[in-house]
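The following exercises are to be worked with the sequence and the model at hand. Each task is followed by a solution in steps.

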Amino acid sequence: MIWIQHDPVIDSGHILLKSLFFYPVLKKQIRKNITGRAMTESTISDILQFMFMGIQRGCIYALAAIGFNMIYNATGIINFAQGEFVVIGGLMMVTLTMTWNLPIPLAFLLTTAFVTLIGIAMERFTINPVKHPTVLRLIIITIAVSIIIKGAAMCFWGKNSHFMRHFSSAETLDFYGATILPQTIWIIGILLFIVAGYIFFFNYTMTGKCMRACAINRDAARLAGINDRKMVMLSFALSAGIGAIAGIIITPIIQMDYARGALLGIKGFGAAVLGGLGNSMGAIIAGVLIGVLEALAAGYISSHYMDAIALIILLLVLFVRPSGLFGSSEAMRLKEF
Amino acid sequence: MLRLVNVNGYYGLVHVLKNVSMHIDEGEIVTMLGANGAGKTTTLRVISGLQPVKGGKIFYQDKEITGVPPEKLVELGIAHVPEGRQIFRPMSVYENLELGGHIIYKRYGKAQLKSDINGMFELFPILKQRQNQFAGTLSGGEQQMLAIAMALMARPKLLLLDEPSMGLAPMIIKEIFKLIAQLQKERKLTVLLIEQNANAALKIADRGYVIETGRIVLEENATALMSNQEVKRAYLGKDQKEIWE
């Protein structure tokens, strides 16, 4: 029996190719979709609806991008297992809430702690023991880890997607003709909460300042008595925790399965690059921006092209302005990767 | 206080330090002279643990410290001010000092760190004025002072200074050397000073080593070095005529 595995990365690459080759068709479709309608109240509520959808997905990309940046700043590498943290967070939450019937706040804490431990274990057992760490070596290690985690997730949770109940009610709320899920409000609220925590941690606590110092100048930080290896471990722990939270809050809406990590990771990476690698505030704005553009594309062009948008943006940024929207081009020249 | 025995060091594949042996006694200012690429900076990096020692041993207060990472050496009282003012430029001056005193914070807590920073402001009034500015916006001399202040925040016993005068105006160089001499007296610091500006360094130093292509070729007290014909010619830029005539 031959069966083709559904791989989101290959799929989106395929979509990307399609969108390049069938540009004329695409143009016609866009024209039909946009000019076919009068600018009525329903269009406005449509836009509003797409915005909500976009912001909701964008928040997830933003959280993934923060995770990328955190590890990038501490080690100079891109952690390709970031998407897997999101998936494990989501699936673990499903098990705890739907199978074990734990209350959501408790399950939330347990899941975050569990995935944070996975992040720590990943750093201790795969990154830390490398004798001559080069950027390329470490990146390949993270790819290997992502494959291992994906395989393990498939063994534990199977191949089907999992449903999870919403944090509060699943009833939609009306908002100027558009509908909004209470879960979306949760997502936005939790993103804001994490951003506030992030700012507080990196600007007002000694540990956060030490992490920043390590990112700015590794040798000088070590000479000030900061243990750089510990900071790397901490960055993995934090980014795994943030990834888990992203997975937890999105699962009620998208229904998590084991193979989602790669695409979530790549879109998060797109957000990180668009915002300027290493710049977390830029990543948040870029993440939401990508989410919104994606939703608009899904609404006005075709939902088939939705996944291509993030990748097209990623390519455009890499071609036109590799330092990203908010990164300084001077700093980019000094970066190794 | 510090003893290097037959230390070898590599910079990538280049054999930079070849059997370097030297010692520094408590309370001394020792300077190391040498041309570019002779191995001065590597010597400091090897002592502070930033670079691995390949062959040879380093002793500090009669304990072996070969291979101990820099973050541990800071706790033992070795502070290294690397060349080129390695401060955290996108952070404020105050934050830089906090990070310099990171081990004080770990050991004694926040209140002690604060009072230490205030003590540092008395020593460097200019840093107090600039405390909320980004460190990268300071002038060269101020950045060097900040780098020294950061190292002092860790309450070191041994201070390793790598070219503190690099790229600074003569007036400011004078000020910084005055400061180093003053610190050594007031805080009973031991200083290992690496300088291109041999004149200024020998003036405040007790003893000096001359290093050439990774080997120590001369060890004398500072006044003897200053009158040494070869040192004069190669490092002090004096008496060229006498030699030619």
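**Exercise 1.** In this predicted model, determine in which sense strands E7 (residues 158–162) and E8 of chain B pair, and over how many bridges.

*Solution.* Strands E7(B) and E8(B) run parallel and are joined by five bridges. To place the register, take B:Leu158: its bridge partner in E8(B) is B:Thr190. Next, follow the chain from E7(B) to E8(B): the path passes through helix H8 (residues 170–187) of chain B, and this β-α-β crossover is right-handed.

**Exercise 2.** Identify what E8(B) pairs with in strand E3 (residues 29–33) of chain B, giving the sense and the bridges.

*Solution.* The pairing of E3(B) with E8(B) is also parallel, with four bridges. One position fixes the alignment: B:Ile29 is opposite B:Val191 of E8(B).

**Exercise 3.** Assign the residues of E8(B) to the two directions in which they point, and state whether they are buried or exposed.

*Solution.* Begin with the general rule: side chains in a regular strand alternate between the two faces of the sheet. In E8(B), B:Thr190, B:Leu192 and B:Ile194 point one way, while B:Val191 and B:Leu193 point the other way. Then consider burial: five of the five residues in the strand (residues 190–194) are buried, and E8(B) is thus mostly covered.

**Exercise 4.** Locate B:Ser165 and explain why B:Ser165 counts as buried.

*Solution.* B:Ser165 belongs to the loop between E7 and H8 of chain B. The cut-off for a buried residue is 20 or more other C-beta atoms within 10 Å. B:Ser165 counts as buried because 21 C-beta neighbours lie inside 10 Å. Beyond four places in sequence, the contacts of B:Ser165 are B:Ile173, B:Ile176, B:Glu195, B:Asn197 and B:Ala200. As for E8(B), the C-alpha atoms of B:Ser165 and B:Ile194 are 9.7 Å apart, although 29 residues separate the two in sequence.

**Exercise 5.** Describe the side of chain B that touches chain A: which elements give two or more residues to it?

*Solution.* Start with the count: 22 residues of chain B are in contact with 15 residues of chain A. Helix H2 (70–76), helix H3 (93–100) and helix H4 (102–108) of chain B each supply two or more residues. By residue class, this side of chain B has 13 nonpolar, five polar and four charged residues.

**Exercise 6.** Compare the span of helix H13 (residues 306–320) of chain A with the expected span, and list its buried residues.

*Solution.* H13(A) has 15 residues and spans 22 Å from first to last C-alpha, close to the expected 21 Å. Its buried residues are A:Asp307, A:Ala308, A:Ile309, A:Ala310, A:Ile313 and A:Leu314.

How values were computed: Residues numbered from 1 in each chain as written. Chains lettered and ligands numbered in written order. Predicted model: local features only at pLDDT ≥ 70, side-chain atom pairs only at ≥ 80, totals over all residues. Buried ≥ 20, exposed ≤ 12 C-beta atoms within 10 Å, placed from the backbone. Pairing = 2+ DSSP bridges. Right-handed = clockwise from strand over helix to strand, strands pointing away. Expected span 1.5 Å × (residues − 1). Contact = placed C-beta atoms within 7 Å. Nonpolar A, V, L, I, M, F, W, Y, C, P; charged D, E, K, R; others polar.
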